[in-house]
Structure formats: C-alpha cells, structure tokens
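Here are my notes on this one, point by point. Have the coordinates open while you read.

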Amino acid sequence: MAESRAKRMQVVLTLAERNEEQAGLQLSQFTQQVDAEVEQLRQLDDYAAQYLNTYSERKTAVRAQELIAYSGFIQRLGEARKEQQTRLERLQLQLERLRQVWRIAHQKTESIKDLIARLQQEENALLDKRLQKEMDELVGQAYSRREENL
C-alpha cells in the first residue's frame, strides 16, 4: 500500500518546524542584542544624570574655561545619547520584523499540523468504511452459506 498523505506531509512539517526554530533562534539572539543596547542607553542616561548632579553640587565658583569644557562634554553626551537612541530604534524595527518572520513560520507550522490531523481523520474514516464493508460482506457470506446448508 502506498504511503499515506499524512505520512508524506511529515517531511513538510519537519522542514517547517526547522524553519520556525531557526526564526525563533534569530529572534532570541536579536532580542538579547536589543536588551544590551537598551541597557547601554540606560547607563548613558545614568552617567549623564550623575555628571550633571555632581557638577551642579559644586559650591565653588566655576571658571569660564571649566564651563566651556563642561558645556562641550554635556553636548557630546547628548549627541552620544541621540546616536544610541537612533541605533536602538533601528534595532527595535528589525526586532519587530524578526518577530513577524517567526509568527509567520509558527503559523505555517501550525497549519501543516492541522492539515496532517485532518488527513489522518479522513484516512481513518476511509479505513473504517472499508472495514465495515468487509465485515458486512463476511456476514453476508456467512449468512449465504448457512442458508445453503439448510
């Protein structure tokens, strides 16, 4: 007897599961990268806040040269923060794309599983019909033989 459609679809399911697993792995790795970038931005914000707090607590008179250096440093911190925020936004967009890729792969895997289940149900129903037909024929033959022997 030829291999059933449900069994043949197992190969397709295996490939879909591999694809989903690979997409999930990429998503996981990229999520870790985004988390690291978020942490880096947080640290940058903390550092800037500490620096501003320390500088504002100074009670002594500030010389013009120190003020210029302070202003330049604060400006560079702001630019670094802006660059980090932009980088983080780009990475978050890529992360959302990877999530979508995983969702699609997952939906495909689930659809194939559903198809295999339906195919198996159809095959089982067909086998049940065949079995019932054979049993009816055997009962009919047994009845015919008994009638002939009487």
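1. Start with H1. This helix has 52 residues and runs 75 Å from its first C-alpha to its last, close to the 76 Å expected at 1.5 Å a residue. Please keep in mind throughout that this is a predicted model. H1 also has a kink of about 25 degrees, and Val-11 is at its centre. The helix covers residues 5-56, while H2 covers residues 64-149.

2. Next, the nonpolar packing. The largest nonpolar core is made of eight residues: Leu-27, Phe-30, Val-34 and Leu-41, together with Leu-88, Leu-91, Leu-95 and Leu-98. H1 and H2 are the elements that give two or more residues to this core. As a general backdrop, nonpolar side chains tend to be buried together in soluble globular proteins.

3. Leu-27 is a handy place to zoom in. Setting aside residues up to four places away in sequence, Leu-27 touches Leu-95 and Leu-98, and also Arg-99 and Trp-102. Of these, Leu-95 and Leu-98 belong to the largest core, as does Leu-27 itself. Another core, of seven residues, lies apart from that one; among its members are Met-9, Ala-16, Ile-116 and Leu-119.

4. Have a look at Thr-109 too. This residue sits in helix H2 and is buried, at a relative accessible area of 1%. What does Thr-109 contact, once its neighbours within four places in sequence are left aside? The list is Leu-13, Ala-16, Glu-17 and Glu-20. Ala-16 turns up here for a second time, being one of the residues in the seven-residue core.

5. Glu-37 is the charged residue I'd check by eye. Glu-37 lies in helix H1, and its relative accessibility is 8%, so it counts as buried under the 20% cut-off. Ignoring neighbours within four places in sequence, Glu-37 is in contact with Gln-84, Arg-87, Leu-88 and Leu-91. Two of those contacts, Leu-88 and Leu-91, are listed in the largest nonpolar core.

6. Which residue forms a salt bridge with Glu-37? Arg-87 does, with the closest N and O atoms 3.2 Å apart. This pair links distant parts of the chain, since Arg-87 is in helix H2 and Glu-37 in helix H1, 50 residues apart. The two ends are not equally covered: Arg-87 is partly exposed, with a relative accessible area of 32%, whereas Glu-37 is buried at 8%.

7. On the other charge pairs: the structure holds seven salt bridges. In one of them, the side chains of Glu-96 and Arg-103 meet at 3.5 Å, N to O. Both partners are partly exposed, Glu-96 with a relative accessible area of 37% and Arg-103 with 33%.

8. Lys-113 and Glu-110 also form a salt bridge, at 3.6 Å from N to O. They are three residues apart in helix H2, which means about one helical turn separates them. Lys-113 is partly exposed, with a relative accessible area of 35%, and Glu-110 counts as partly exposed too, at 30%. Elsewhere, Glu-39, Arg-42 and Asp-46 are joined into one network by salt bridges that share partners.

9. Now the aromatics. There are four aromatic pairs in the structure. One of them is Tyr-47 with Phe-73, an edge-to-face arrangement with 6.1 Å from centre to centre and 85 degrees between the planes. Tyr-47 lies in helix H1 and Phe-73 in helix H2, so the pair ties together parts that are 26 residues apart in sequence. Are these rings buried or exposed? Neither, strictly: Tyr-47 is partly exposed with a relative accessible area of 40%, and Phe-73 is partly exposed at 23%. The pair is also part of a wider group, as ring pairs link Tyr-47, Tyr-51, Tyr-70 and Phe-73 into a cluster.

10. One last spot, Ala-36. Ala-36 is found in helix H1 and is partly exposed, with a relative accessible area of 45%. Its C-alpha is separated by 9.7 Å from that of Leu-88, although the two residues are 52 apart along the chain. Leu-88 is familiar by now, as a member of the largest core and a contact of Glu-37.

Definitions and conventions
Residues are numbered from 1 along each chain as its sequence is written. This is a predicted model: local features need pLDDT of at least 70, side-chain atom pairs count only at pLDDT 80 or more; totals for chains, interfaces and linings use all residues. Side-chain values use heavy atoms; hydrogens and water are left out. Rings of Phe, Tyr and Trp (its six-membered ring) pair if their centres lie within 6.5 Å; planes under 30 degrees apart count as stacked, over 60 as edge-to-face and the rest as tilted. Helices (H or I, at least four residues) and strands (E, at least two) are DSSP runs, numbered from the N terminus. Buried means under 20% relative accessible area, exposed over 50%, partly exposed in between (1.4 Å probe, protein chains only). The expected span of a helix is 1.5 Å times one less than its number of residues. The bend at a residue is the angle between axes fitted to the seven residues ending there and the seven starting there. A nonpolar core is a set of buried Ala, Val, Leu, Ile, Met, Phe, Trp, Tyr and Cys residues joined through side-chain atoms within 4.5 Å. Contact means heavy atoms within 4.5 Å. A salt bridge is a side-chain nitrogen of Lys or Arg within 4 Å of a carboxyl oxygen of Asp or Glu.
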